[in-house]
Each structure stands twice: as structure tokens, then as C-alpha cells.
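Here are my notes from going through this one, point by point. Have it open next to you as you read.

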Protein chains: 2
Amino acid sequence: MGRPPRIDRAGVLDTAMALADESGLEAVTMQAVASRLGVTPMALYRHVGDKAALLDGLVERLLLDVDSPSPDLTGPRQLMEMARALRATGQRHRGVFPLLLTRPVATPLAMQVRASVVEALEVAGTGSDRVGQTERLVSTAVLGFIVSEVSGRFRNHPRQVIDADFDRLLELLGGFVTHHQDRQPD
Amino acid sequence: MGRPPRIDRAGVLDTAMALADESGLEAVTMQAVASRLGVTPMALYRHVGDKAALLDGLVERLLLDVDSPSPDLTGPRQLMEMARALRATGQRHRGVFPLLLTRPVATPLAMQVRASVVEALEVAGTGSDRVGQTERLVSTAVLGFIVSEVSGRFRNHPRQVIDADFDRLLELLGGFVTHHQDRQPD
DNA sequence: ACCTGAACACCGTTCAAGT
DNA sequence: ACCTGAACACCGTTCAAGT
């Protein structure tokens with residue numbers, strides 16, 4: 001007993017994420033991850049649990065990768081900045097990003113992200129009976145766009161066009177959010 | 001030679017779709033489909049090609065499943081009806097539906113669906129320099145919502161709440177489309 | 001023309017065994 | 001405590017062979 005570990009959870013997730021970035025999510029197999037770490041597949045189970053748990057770990061990593069908006073931004077501006085940061089994460093991690101559209105907001109980190117959106121909506125003046133719904137619709141529109149983009153639905157269009165589409169989406173969200181406010185914050 | 005075929009493409013796709021509906025997309029394996037047809041996996045290759053081609057076939061089936069809107073609806077009303085029909089298809093075929101967010105509009109059927117959306121936008125008065133972009137944003141918002149719903153992102157919310165969210169989305173799309181018209185059609 | 005058997009290179013996962 | 005070997009039940013796909 002007391003054998004020094006040759007791998008750890010962080011290293012396994014690093015390797016799995018790198019593999020996903022390079023070759024897509026389907027390249028993330030227990031064997032491929034293990035082989036890159038110089039270990040057999042069975043060694044991974046102690047550190048990350050099974051395959052599903054490994055994917056959960058990657059989603060957690062994804063959320064950690066999202067840059068927080070500068071704290072002097074609030075309301076619609078903050079919302080737009082968060083959407084841009086989310087898109088940057090999507091572009092850095094195309095393979096893993098689509099998993100976000102699948103999971104309910106359940107982990108502490110995901111709940112924290114949602115709380116930021118809710119706060120921005122409240123500052124923008126969204127009626128309190130509407131914040132939940134608005135948060136879901138705004139998040140869905142932004143996630144839907146980024147997932148479409150990174151998973152290739154727009155691959156027949158030049159990047160320039162897609163960038164302009166995203167700018168317009170942000171513009172619409174900003175406008176939507178401010179049009180629906182009951183009263184200015186101060 | 002001249003042996004009578006025991007299976008055909010349509011039957012293979014029927015079986016694959018049924019399997020996806022019952023147990024999700026990951027249950028659609030060549031072996032499972034074949035076994036349900038009373039045949040070995042290798043028999044499928046002649047009729048549907050490989051696994052990727054089989055999935056393409058399922059996506060085609062999905063588009064065929066979408067009800068066309070009543071022909072006396074035009075503009076925003078038509079758009080809303082198409083979105084509702086798309087959602088119904090998503091609910092009938094939860095397993096396969098998310099593939100739509102992955103694929104570019106390339107098949108004849110998919111191009112036909114897009115043309116309907118474009119036409120509805122034009123009738124609603126969307127400026128011709130904006131129809132392409134608007135079509136992409138509207139489709140993305142609707143697909144993003146339905147994929148979220150059928151793949152479980154909203155599973156912590158009661159159906160009633162999700163239905164209300166969708167109604168609001170349609171309302172916003174209808175309003176958005178008519179606010180941005182340059183001139184009434186007649 | 002259509003289907004199969006055998007074969008290959010993969011998957012995820014378990015469990016007892018080695019150090 | 002940590003890793004492995006052997007084993008199991010799966011994957012998708014090919015190719016020559018049977019009818």
C-alpha cells in the first residue's frame with residue numbers, strides 16, 4: 001500500500017479536453033485518454049469514475065473556461081459580454097460545448113452562471129414575474145446559436161456572415177431586454 | 001441470383017426510428033436494428049449504406065414528419081404554425097431531433113423548409129437584405145428551444161412552464177418579424 | 001441479388017491479482 | 001493505494017463464401 005499515484009483527476013480531464021479539442025467528442029474514449037497518459041483504461045476509473053462522470057467533468061471545465069464580464073458592466077451590456085465570452089469558450093472547445101444544451105442547470109457553477117444572467121436581467125428592469133422565463137429564452141437563443149456554429153450547421157456560410165449574425169442576435173437581445181423593463185434601475 | 005430481398009430501406013429506417021423513439025439515439029446500433037428485423041448487421045449495408053448514411057436517412061424522415069402549415073396562413077402566423085409543427089415533430093422523435101442542430105441545410109427537403117421560412121419572412125415584410133440572416137436567427141432560436149426541451153435541459157421545470165416559454169418565444173418571433181417590416185404587402 | 005460467417009479493430013466496464 | 005491482465009458484452013465494418 002501507499003503507492004504514489006501516476007495520474008490524477010485534473011490530468012485526466014486535461015487530456016480528455018485536449019483530445020476533444022483536437023478530434024471531437026467521439027475521440028474521447030477511455031482507451032484514448034488512458035493511452036495518452038501512458039496508462040491502461042482501467043486506471044482511469046479510480047480518478048474520474050466512469051465515462052459519464054468524465055463527461056460531467058469536461059462540462060465543469062467548460063464553465064470554468066468562460067470569462068467573467070468586467071464588473072463595471074451591468075444589465076444589457078453585461079448580458080452581451082457574457083454571451084460573447086460564452087461564444088469564445090465554444091470556439092475554444094467545439095467538441096464539448098454542445099453538451100451544454102443537454103444538461104439542466106444543476107451544478108453549483110452552472111447555477112452561479114444562471115444567477116449572473118438573472119441579475120443582469122433584473123438590473124435591465126425585467127419584471128420579476130418574467131425573469132425566469134426570460135433567462136431561459138435568452139440562454140436558449142445564445143446556446144442554440146453557438147452550438148449550431150460549433151457543430152457545423154452554419155458551415156456553408158463564411159465566418160464573416162456568422163459573426164454578423166451573432167452581432168445582430170446580441171443587438172436584439174439587448175434591445176429586447178431594455179424594451180421590456182418596467183422602470184429604470186435609478 | 002435473383003434472390004428476393006427480405007428487408008428494404010424503408011423498413012430499416014422505420015425500425016431505426018422506432019428504436020430511437022423508444023430508447024434514444026444511442027440505442028440505434030447496426031446490431032439492434034438488424035436484430036429487430038431478424039437479420040444480421042451486415043445485411044443492412046446493402047440497403048442503407050453505413051451508419052452515417054442511416055442517420056442521414058433518419059433526419060430525412062424527421063423533416064418529412066413535420067406538418068405543413070395550413071396554406072391560408074402567411075407571414076408571422078405561418079411562421080408560428082411552422083414552429084409549432086416542428087416542436088410536435090421534436091416531441092414525437094426526441095432521440096433524432098437534436099441532429100437537426102448539427103447539419104447544414106443541404107438536402108432538397110431541408111432547402112424546401114428553409115424556402116418556406118424565407119417566404120413567410122418576405123410576406124411579413126422583412127427587408128430583402130435581411131431575410132437570410134433573419135431566417136438563420138429565427139430557425140436557430142426555435143431549434144435551440146426544441147433541442148433543449150427534448151434533450152432534457154429543461155427537465156427540472158414542469159411541462160406547463162415550458163409550454164408557456166414556447167408560447168412566449170412564438171409571440172416574440174411574431175412581433176419581431178412584423179416590427180421589422182419596411183412596408184405592408186398590400 | 002441478397003444474406004451470412006468469420007474476422008478485425010475497436011468500445012466501456014468488472015474483478016481478482018499484483019506491487 | 002494504485003495500476004494491470006484477463007475477461008465480457010458490446011460496437012462498426014470488410015470480405016469471401018453460400019444460395
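**Notes on the protein interface and the DNA contacts**

1. Let's begin with the salt bridges. Across the interface of chain A and chain B, the rule finds two of them. Keep in mind that this is a predicted model. One salt bridge joins the side chains of A:Arg136 and B:Asp165, with N to O at 2.5 Å.

2. Polar contacts add to that picture: between chain A and chain B, 14 residue pairs are in polar contact, both partners being at pLDDT 80 or more. On the side of chain A that touches chain B, helix 7 (131–150) and helix 8 (159–179) of chain A each supply at least two residues. Helix 7 of chain A gives the largest share of that side, 10 residues. Sorted by class, the side of chain A that touches chain B comes to 14 nonpolar, 11 polar and seven charged residues.

3. Now for the extent of the contact. Chain A puts in 32 residues, and chain B also puts in 32 residues. Between them the two chains bury about 2900 Å², with 55% of it on carbon and sulfur atoms. Which residues of chain A lose the most area to chain B? They are A:Arg136, A:Arg153 and A:Arg168, which together make up 25% of what that side buries. A:Arg136 is thus worth a second look, as its side chain also meets B:Asp165 in the salt bridge.

4. On to the DNA. There are 20 residues around DNA strand D, and those that come nearest are A:Arg6, A:Thr40, A:Met42, A:His47 and B:Gln31. Of the atoms of DNA strand D that come within 4 Å of the protein, sugar and phosphate account for 62%.

5. Some phosphate contacts from chain B are worth checking by eye. A backbone N or O atom of B:Met30 sits 2.9 Å from a phosphate oxygen of DNA strand D. For B:Lys51, a backbone N or O atom likewise lies 2.9 Å from a phosphate oxygen of that strand. With B:Thr29 the side chain is involved: one of its N or O atoms is 3.4 Å from a phosphate oxygen of DNA strand D.

6. Which elements give two or more residues to the surface near DNA strand D? From chain A there is helix 3 (44–48), and from chain B there are helix 2 (30–37) and helix 3 (42–48). By class, the surface near DNA strand D holds nine nonpolar, five polar and six charged residues.

Technical notes:
Residues numbered from 1 in each chain as written. Chains lettered and ligands numbered in written order. Predicted model: local features only at pLDDT ≥ 70, side-chain atom pairs only at ≥ 80, totals over all residues. Heavy atoms only, no water. Contact = heavy atoms within 4.5 Å. Buried area = accessible area lost by both parts, 1.4 Å probe. Salt bridge = Lys/Arg side-chain N within 4 Å of Asp/Glu carboxyl O. Polar contact = N/O pair within 3.5 Å; in protein donor to acceptor, adjacent residues only side chain to side chain. Helix = DSSP H or I, 4+ residues; strand = E, 2+ residues; numbered from the N terminus. Nonpolar A, V, L, I, M, F, W, Y, C, P; charged D, E, K, R; others polar. Near = heavy atom within 4 Å.
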